[in-house]
Each structure stands twice: as structure tokens, then as C-alpha cells.
Amino acid sequence: MKKLFFALCLLGYGTFLNAQDYFPENAGVKVNNNNYTAFTNAKIYVTPTQVIENGTLLIQHGKVVNASSTVSIPKNAVVIDLQGKSIYPSFIDVYSKFGVEQAKKKPGRGRSAQYEPSREGYYWNDHIMPENKAIEKFTYDDKEAKKLREAGFGVVNSHIHDGIARGTGVLIALNGEGTNANRILDDRSAQYFSLSRSIAKGQSYPSSLMGTLALLRQMYSDADWYAKGNATTTDLSLEALNDNKNLVQIFEAKDKSHDLRVDKIGDANGIQYTILGGGNEFERIEEIKATNAKFILPINFPDAYDVSNPYAVDYVSLQDMRYWNQAPSNPKVLADNGIQFSLTTYDLKSPSNFKQKLMKAIEYGLSSTKALEALTTVPAEILGKSNEIGSLKAGHLANFLITSGDVFDKSTTLYENWVQGTKSVINSMDVKDIRGDYKLMVQGKTYDVAISGEVSKPKIEVKQDTAKLNSKIKYDDNWVTMSFATKKDDKTYRMIGAVTESSDNLSGRLVLPDGTESKFTATKSKSFAEKESEKEKATAAKNIVPVKFPNVGYGFATKPKAENTLFKNATVWTSEDAGVLENTDVLVKNGKIVKIGKDLNAGGAKVIDATGKHLTAGIIDEHSHIAALSVNESGQNSSAEVKMEDVVDPEHMGIYRSLAGGVTSLQLLHGSANPIGGRSAILKLKWGEEADGLIYDNSPKFIKFALGENVKQSNWGSYSRFPQTRMGVEQLYMNYFQRAKEYDTKKKNGEPYRYDEEMEVLAEILNGERFISCHSYVQSEINMMMKVAEHFGFRVNTFTHILEGYKVADKMAEHGVGAGTFSDWWAYKFEVNDAIPYNAAIMQKQGVVTAINSDDREMIRRLNQEAAKTIKYGGMTELEAWKMVTINPAKLLHLDDRVGSIKVGKDADLVLWSGSPLSVYSKAEKTMIEGVTYFDLETDKKNRDAIKKERNDLVTMMLKEKSSGKKTQSPKQSIKRDFTCESL
Amino acid sequence: MKRLITLIIALGLALPAIAQQTPGDKQTEAITIEGATAHLGNGETIESSLIMFEDGKITFVGDSKMRIARKGKIIDATGKHVYPGFIAPAKTLGLVEIDAVRASKDEDEIGDFIPHVRSLIAYNAESKVVESMRPNGVLIGQIAPSGGLISGTSSIVQFDAWNWEDAAIKVDDGIHLNWPSTFKQGRWWAGEDPGYHPNKDYAEQIDAIASFLKNAQAYGKSTPKEVNPAFAAMKGIFDGSQKLYVHADDEKQIIDAVNTLKSNGSKEIVLIGGYHAYKIPDFLKSNNIPVLVQFTHNLPVFDDDDYDLPYKLPKLLVDAGLLVGIQNSEAANFQTRNLPFYAGQAAQMGLDKEKAVQLITGNTAKILGIDDQYGTLENGKSATLFISEGDALDMAGNRLTHVFIDGRTVSLETHQTELWKRYMGKYEGK
């Protein structure tokens, strides 16, 4: 019966919609409902900033006719009096999965990688799917729509959340009636991208973030080439990408640093993406602001960690604790910085959590107006639909909420959510507010009853004298059901009564524990009022700890600045012909070394007494993988198109720890998965700067190559990828370089060519503009690589690892290649069986410029000690040994005119040591880059105390959170994967 | 077929013509070392020392001013340094030759409770990795199996031997137990969060260990009709003739380990790892637990830790009055030759240099129970010692001129020095 009634209701309302008027009608006579509905006496938010205190909203045919204080109500209008209530435009979610069938994870297919695409007639990479259309996978989901409407949403924009290029979305009005003909507001609502591979596709490329970014660059360039009619084959993906060019472009970045990465890709292709953020944008707000992008923000703020077990606290980092504390302020910080954003439910377990999370953002300072904009006008603007949705201006869809008051107030009730003029009742407006204090009489005893909570979902507390009794309440359709159990004998009393307009008291049937029926009366003594203290607590300023640079332990409160500094009376290791100078001063001005000598005048510079201490140039690590978000693009055997510069992680603790070991510069190398790896990032360890701030200006261009077991995939069960032998490695190089040569010739001759980033990079090598740092172990392959280079008329710049370099040191010297090697590593795999710690000394003696490098996040912290081992193994002098970690790697990196030694005019990248830098007993006391002190032993000590204190403060806050009954998450130690060149 | 060929090639190349250096002959002539700074391994030094040994035993340790007859061959070591042979505990040296070549690995047997599995019989006395220890002063090692919960039984060997029988100093000295982790890393490759989360099976795993110990103890009290090799192998743990080496790092692990093992009859417990041991020195002291602390050239476990926490762990424990040695059980075997520099690093953090020497000599010998013969330069002890041109704990100073094990003169050549000389010869026409 109820179902039938409901169906009838739907039909009744359905007649508001006239969209299908050209459809034949066979179920009755054809009618249109041309009546108006007028909502009067309401506070109407036409837009977040245009508010009518006592106005009328007039709608017809699912659209707003007028909303103002002076609406003349037509005669054929149904009038609904909303005295004391408010009307808001209903919410819009730009980033939903609603109704669109999502991709399913492809079951694993063993260890054998799939290198080829699975599709024909589409782009060569399966993860590029701009041809996908959400509309083709769309089925209206009534259940989910109801949940979204209950959370206040009227329109959602949905798409297939899978792959790197994801195709177009669909904009849906959550209209519970009618058909998709009404609901679909746009079937090509936007074009979507992400940094994540398709879960449904198995193609191995791209396996890394940097591969993904390279793929996106190539995709855009190919699309342009295709659009110009250069292709001889059909590519439905590129066609779709070009067709979708004029749509709104939305990119899922999900992290502050990814926001910047994708914005850069957009800039290079003349696209301003709207970016789905990660919630941590506040940590780098200046850079985020500079993107000029609009953002879609998740508000799935983390729960506090359960830190009640003191041992478990060790595992939670300050970074994670801080994030819990700071994250809810993200929307506020963006608002304060004038960045436009909308809010999304996409990563919430259920839309029903939305309000609670939103309230939290508001508690943390987001204004109601900004919150409302983020849910109405801004998403409408993002979607280019400001003339249709997002406000209650005339002509807009009649999508609105009726509430008991401020929509963002905790105690406000959402009564109705109208979509396209169709009513959905969330909470009945006719429900009488029964909240308040009562005196209940039962069998001659008086009980104190307090009813609180929401109007339609009240809570009850029953007390006998001061003892709290177990009690329950239910309030439906104007009937209230209550029960309580006595303390002593656990006997249950049950009551039911009808709520009437005429009396504020509750009365009705009472059932005694023994089943006897009787009557009860509860006399209202006081109406419900929100406790002031609770309200205050909610709006009180939150204790938000300050953001650091970077926002992890040992970050700076403010970014440090360069200081003019005079190091007085030091033992100066110049790494130049001058050798070691005793009792010498070094003057640093504007980030450069300006004077070296005795008794120098400080001239206003800060003076550091370096008596008894040793001053050296900063250590340079020619081979490192710290501070990277990924290290290998292993999806293909050649990956020259990828750039380590794309994946620099400026928050990696390895940076700080390396500074503490006197390291100032390093080459962040691609790994050794492929014969042709990726391009390097050459970094200065400027702790606190954003990723790009770490990369050298005018950085020399490098690329990683690799030989031997890793590129042959010898040490794991992979037998399908070429090359499997050293013979194949040579042929791969010959082939790639030949193709690059032909490509370059075409380009130089002005012939038409398809821009290929990989070939561009290889051509740079052929033209002597880019240098190779080649991972190598055994003498045969070392020799081979040099011969390949000679064949194509270039020179290998550096062999790294090069553990059998000593066997061909004479040939290396003749070729003119340098070496970066371990001091004493061996025996970890078959090809290092003949590795000897005398390697560095032999190569150096044969005239090969030799550096000691780390390829290891621990060893990088003590490269000074590793350099000292060349004295033990092979009899290097102290000066020669020291050069192996300073000027020699600088030479290998073509940076010796800027860093690597203490010389007037060079960058002030300096380390002050407690003793000889080659002694195991010495430690770095200060590490400076371009005049900025990035590590200082004294500051470090203060940081330790500060970290302890801040951790304790946050733990105290989290314990409070737990004891107040809030949800917590179990403690965990977040791990950034650490890389060596073998990591995949 | 292809695999077989690979194997043959691997064997062919992995065991080339050059085998290990020939072990030294038994000492026949007395040897006197004069003038060196002697680091005795007990915290003391003798500036200009006189050391004599005969038949493999030290017969005199004193000042070179002593007017006493110098015996046998005299080595003038003025300006040099003498140390007792350094000792590397809890290593798989000789059990693994090349980490990435499975065929060369013998350190980890199948099974969670396999104390009956013995390292000694798989110890390769001719390992090229083992011989590379000696030029750095590392002359003795405890060879321990790894993996599982109870990995097996270790033995202590010296590094100049024809075979494992010759090498053995102390056979089946102890049993190694890996205490379960309180936090476990997510399998990132399977799509899990790569972070560490509380180990849900922790209590169950501890219970399994306790149950095994109880059963082994009960078994030992009976005269069993059927032999249970795993239970039988535990006998020494309960009568104190063998030590139980428990690998544990965090505070809860350590406390649970000591309490569980003590209450289940383990007599001699040694803690290996002990990252958080510095937080509970009193607990360890009152339970009489020595610590073979993790090596200093390691990274802090937690981001917020002091950058130099691993550097100073030994000092923190020594300052707290514990008996401490250094091990690098988690590092690759070849790294074990850097043992002296790990001790040097501890001295960088302010630990007295001679106390740093103790971390790899006298203390370790005491912890392993071989201090009656090894670990210090003392009258009557084994002449297992070496001469270095400089400070052996400092990279640049660690240049050895003489090595003796049980009085035998040990070659300082290795596979690596031979290659060095061969190629220097090539380039310099020698």
C-alpha cells in the first residue's frame, strides 16, 4: 500500500516536467502542469552573498521564475509558507563517481610484463583513454542519489575514475523522478586526467610518476601533430582528445606538489586545469596560489591517531601528527589566499559524512559564505554552468534546500532538497520540536527527562534523582516512543504517545514491567536550548601548530636567508692546487666566496671563529637517489623521455641528514632498470625550498644509462624483455642512436617530423649537449659502451659504479671518461665479484677523474669517511682523497666552475668540520649553501627539543580527542620508499 | 637447459683458480712486537709496549722499557698500533658468498623453530668475503643462521682455516631467535599502504615462542622415547651452556622478549639490535642482559629521531653501565670489514676511544663467552692480534702490516689485493 502511495506521489510531481512533450502518451490523456510554486516568508540565499531576509521564491517547470522580496504571486500558484526557514541553492559536487560504472581491477597476470598495448586503432598507450565517455556507462542510481540529496547535493558531475586520460564526464541533476532526459544536464561535461595508471589495463608503461608526466607531454604533442593531419593511421584516442579540447579540463593531482606538476604540464600546453587537490595545499600556499588554478578540495580530514599506547607513539611521525592538526584548515587557507575552490565528497566513505567534515573546516575558520560558494557558485563556474546552476537567479534550475536555519550550523535541520522543481523530503517540516526538559510521573515516582539532539532524531536522558537510567527514544510521524529501565532491578518501562500541536506535554500509554498497561504524563518544564558552552567550544580558535619549511620534523619556521659570513682562522681544504691552508680566513658575501687569506676584514659580515676547525667545500655526491618520488621508469627498456627533475621530493628527511654529513650537491639519477634511463636532476640540498628551488639554475644536462645484470633483468624472474644479454645491450644502443641520428638529420634539414621527446634527448647526446652517467660493472661492457659512443662521435661522460674500471683504466683515460665509484662495495651480485676497493686509486693514477659516490641514503651521510678509505686502499694522499668527494665530482658534473672547491668567485657551499674531514672522529658542524646555513649543530640540538615538545603537545591534543569520544585511527609509521638504483 | 648452463658458468667463474690464501702454519718461533701503542681491548693502552707470544699464546704484555729478554723474531712496531683481533658477532659470513646468486646462499633454512639447524657445517672457510675481513683486523666471527623465528645454532670461528673444523673456536655456542615485530610493514607491491602498522599477530607469535620453549623444557626433563631434534637442540639454553641471542629493537619487543624468555627457563640471554635499548637500561641491567647493539653506520628508524642516534647508540648504552658490543647482522657480509669504523663512529660521538675498541674486542668476547682466550691482549690468551700503521678505528689509519691468529702468521693478501697488484703491474710494467 505504502509503495503504491509513493508511486502516485512521484507521478504527481512528475507532471512538473515538460521536457518530453513530443513523446506520445498512451497511459492516459496528455497534460502539462503549468502551475507555479511559491515559497514565501523565507530567508533566501539567491547566491552566497545575495541574501533576501524575507522573500519569496517562485518556481515553475522546474526552474526559478523569481526570487526576491517583491514577487507577485500568480493566481495558479501553490503557496508554501516558510516562515522562519531558509532557502539555499542546493550543492554541486564536481568530482563524483555517481551512476558511472567504474573500471574493475585487472587480475594479476604473473611476473611477465605486458609491454604492448591491448587496443587497436587507439593511442599506443592503454592508459590514455580520452575516448572514454562517462555517459555510455551511466545508469541513474536512485539509492545513491537519495544519500547525496540528504547531504544537500542537487547536481553532481561524474566520470570514469580510471587511467591517465579519462575522457569526458556527465553532469547529472539528482532528480528522483522523471528520466535521464531531465537529469542529464551535460553528457560531455568536462575532460578528465589523473596521474594514476588504469587499474583495468596491464601495459607496463608508465610504471612511475615521471613516466606518467612524460607520457602526458608526448600525448599532447602527438595530439597536435595528429590534428595537423600528419598521421597516416587512425588514432581514436587522439581524435577524442582533440575533440574534447574546448571542454573544461579537470586534473586529479591529489597532493600539493602534484598540483604544481600538473599545472606545469598545463602551462606548457596552453591549458589551465581545474585541479583536484590533496588537502595539503596549505603547506605550500604561495606556490599553489601562483598556479592560478581553481581547485576541487577533498575534506576527508584524518582522524586523530590513537596514541594511548606510549610505545606506539614512536611510530607516528611529527609530520603525520601535524597533518592531523593542520589539515582541517586547508579550505580556510585557500580562501584567505583568494584561491577559488569547490568541495567534493569523492573520497568520503559516504556522503553522510560530508556535513561533519564540512563543519570541521568551518570550525577551523572557513567562513560560511566561502563554504557556500565552494558548494554552489564555484563548482557551477568550474563547470561553465553559472547560468544554469549554483544560484537561485531567474532561469536557473529550481535546485534548492529548505532548512530550519543556517545550513552550516550543527543543529540546523535540512527539511527538503528540491531538484529541478522536484521535492525530496529529508526531514518533515511538520515535525513538532519536542526537545526540552520534562518531569515524568510513573507509578508515583518522578523522573527527570531531558530530550535533546536533532528535532527529528532526538536523544533522551532519564534520571531518577541523580542516577542516570538506561533509556531510549524514537520519534516518527508525530508519535514518540520512549523506554527506560530502573537501576536496581533492571525493569523496563515503555511508553508511547501522540504529539499534538495543542499541548507541549507528552502523554499516552505506559506499559509496566509486568505487562500492566497504564498512563504516563511528562510535563514540560523547559524548552531546549543549545548549551552555550558547547557552542563556544565549537567556535573557539583551534590550536593549529605553525607550518614549517618543509612541513616535517627539522623544518625551518621561516625559510633561512643568506648571510655574509667570515670564517676566521680555519684550516682550509681548498680542493685546489693550493692544498690545505692553515690559519686562514674565508669571506662569504652574497652567497659567493669573495676572499681567502689571513686576517681578513669582516666588513659587517658575521664572524665565525673557526680556530681548530676545518673548512672545506661542500661534498658532492655524483650518484644519489634520495629526495625522489620515483626512481625507475621500468615500463620500457628506454626511457630518455623521463626527467628526475619532475619527481624531486624536497621533504625527504635524507636531505637534512645528508646536510648533517656535509653534502651540499648531488646528482639525482634515474635508476638502472633500463639501458637508456632517464634524465638527471642536479640538486643543491636547499632544505625548505620547493622542488624546483633545489634544482641548479642552468643545470648541466645529464642522463643515466645502465649496463649489465639490472638491464638484463638477471636477478629476478623476467625473461621477456629485450635485452637479456650484454650482446643485446649493445644492439639496443646502436639501434636507438642510429634512429636518433636519422631523426636529428630530418629535423636539421627542415623536413617534417613527429616530435619525439625520447629522440630529442638522444639527439642532445649525439650533439654533445647532454652527458651520460653510465651504470657499469664489468670490463667488457665498459669497453663496449665507449666503442658505441666513439662510433657515433661522442664521449661517455661518466661511468658510475664502474667497479671493474681498474681493468680498463687506460682505455678509459684515452676515451676521456670519468668515474664515480664506491669505496669498498662488492659481493652483492655476480657482476661485482671482481670489484676491489683499490679501484678508485688505480683509475685516478691512470688519469681518470675519479669520484667516490654513495648510491645509498646512509652512506651519503659520511662520504668524507668513504673518501678516507682511498688512503687505506691504494695509498691516495689526503688531498687526492678529499678531491674525490669535492672537486672531482664537480668536474664530472661540469660544475667545477661553480662548486667543488674553495676558490674566490665560487658559490659559498661550505662545511665547517670539528676536525680533519677525513677522520672518522670529525663531524660537520655547519653546512652552508650559497651563504645560507642549512645545517648547524647547535640549531639541530634546539630542533630536537622543539620536536619533542611539539610531539608532546600534539599527543596531548590527540588524547583529548579520543577521550571526548571522537573517532581515532590506529597509529602507523608512514614510509617514503627509499631508493637505490635497483629499486623498481 | 639455459639455467644449467648459467649455473655452470656461475660456478666456473665464482670459484676461479685463485682459492683462499693458504692458512698460516702453526707458530714455531716466538714473536716479539716492540714499541707499538697497545690497545689491550679492556679499556687500557700501553703507549710503548712489548708483546711476546709463543705456541699461539701470549706470554708477555707490558711496557717496552721492561728489561726482559726479547724472544724469537722481533718486530719493531714503533709508532704503530697493536690490537686484539676484532670480533664480528651474528653474521652469515661464509654462509653467503654473493647476495644475488641464490646458489651461493646457505643462511636461511625453511622453518620457524629450527634450533637444530647448525651454521658451522655450512661455513665456507675459503670464502673470498671472509678473507677480505683480515686486512681490516676483523679476525673472528660468530656465524649465525638467519630467518624464521628460531633460525638455528651459531658457532664461533676464526678467519684463517683450511676447513670448518679448523676454523671452529666454539662449536654451537648459541641459538638465534628473531623476536616478532610489534609493527609490520604493509606490502606496497600488493597495493597496501607501505607504512608500518601494528602487528595483529604479535600476541599469537609470542605465544608460539613461549609454547615452544615450554615444550622444549618439558622434553628435556624427560627421557624421551622418540627424538625431537628441535626440542633436543634447546637443551643448552636451559642449562646455561648455550646462549640465547634474541634479535629485538623496540622497547616493547625487548621487554616482552626478556620477560618471556626468562620465565621460560632461558639462562643466558643476549640482546641483538637494541635500537631502543637506551630507553630501558635499568631493566636490562637488572636482568643482566648484555647488548650487541646495531651498527652505527645505519639510518635512524624514525624521521623525528636525532640524525646521529645510530651513531651514538653504543655510547648511550655504555654510559648507562651495560655490557655492549657492536654487530652489523643486518648489513651485507662484505660490510663486516668496516666493523672497526663503526666503533670509530661511536668515538666520534664522545665515547672514549679505548671503550670504543672494547665494543669490538673485549666486550664482544665476554658476551660471546670466548673471553678466556680472545678479545684482549693478556698473558695466557690466544695470540690473535694485529699491527696497524695507524689508528685502526679510523679509515685512513687502518693499514695493517701483520696479522696473527692463534700465533699463526696470517696472509694479508686477498682476491682483491691480487687483482690490485695484477693490474698495477699491467699499468706500471711490473
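These are my notebook entries on a predicted model with chains A and B.

**Entry 1: strand E17 of chain A**

I looked up strand E17(A), residues 400-403. Is it covered on one face or on both? Both faces are covered. A:Phe400 and A:Ile402 are buried on one side. A:Leu401 and A:Thr403 are buried on the other.

Next I checked its pairing. Strand E5(A), residues 86-89, runs antiparallel to E17(A), and four bridges join the two. I noted one pair here: A:Pro89 has A:Phe400 as its bridge partner. Strand E18(A), residues 414-418, is also antiparallel to E17(A) and is joined to it by four bridges. In that pairing, A:Leu401 stands opposite A:Asn417.

**Entry 2: helix H2 of chain A**

I then went to helix H2(A), residues 142-150. Which of its residues are buried? They are A:Ala145, A:Leu148 and A:Arg149. Why do they sit on the same side of H2(A)? They cover an arc of only 100 degrees around the axis, so they share one side of the helix. I recalled the general rule: an α-helix has 3.6 residues a turn, so residues three or four places apart point the same way.

I looked for what covers these buried residues. The cover includes strand E7(A), residues 153-158, and E18(A). So E18 of chain A appears twice in my notes: it pairs with E17(A), and it helps cover H2(A). After H2(A) comes A:Gly152, with a positive phi near 105 degrees.

**Entry 3: the contact between chains A and B**

I counted the two sides. Chain A gives 53 residues to the contact and chain B gives 47. On the chain A side, six helices each supply at least two residues: H8 (310-313), H9 (318-326), H15 (653-659), H21 (809-815), H23 (863-872) and H26 (937-963). Which element gives the largest share? H23(A) does, with five residues. By class, I find 26 nonpolar, eleven polar and 16 charged residues on this side.

**Entry 4: the two domains of chain B**

The domain assignment splits chain B into domain 1 (21-85 + 375-430) and domain 2 (86-374). Their C-alpha centres lie 29 Å apart. The contact takes 34 residues from domain 1 and 35 from domain 2.

I listed what domain 1 brings to its side. Strands E7 (81-84), E18 (385-388) and E19 (400-405) and helix H13 (415-428) of chain B give two or more residues each. E19(B) has the largest share, three residues. The domain 1 side divides into twelve nonpolar, 17 polar and five charged residues.

Key:
Residues are numbered from 1 along each chain as its sequence is written. Chains are lettered from A and ligands numbered from 1 in the order in which they are written. This is a predicted model: local features need pLDDT of at least 70, side-chain atom pairs count only at pLDDT 80 or more; totals for chains, interfaces and linings use all residues. A residue is buried if 20 or more other C-beta atoms lie within 10 Å of its own, exposed if 12 or fewer, and partly exposed in between; C-beta atoms are placed from the backbone. Two strands pair if DSSP finds at least two bridges between them. Domain bounds come from an automatic or database domain assignment. Two residues are in contact if their C-beta atoms, placed from the backbone, lie within 7 Å. Ala, Val, Leu, Ile, Met, Phe, Trp, Tyr, Cys and Pro count as nonpolar, Asp, Glu, Lys and Arg as charged, and the others, Gly among them, as polar. The arc is that of the directions from the helix axis to the C-beta atoms.
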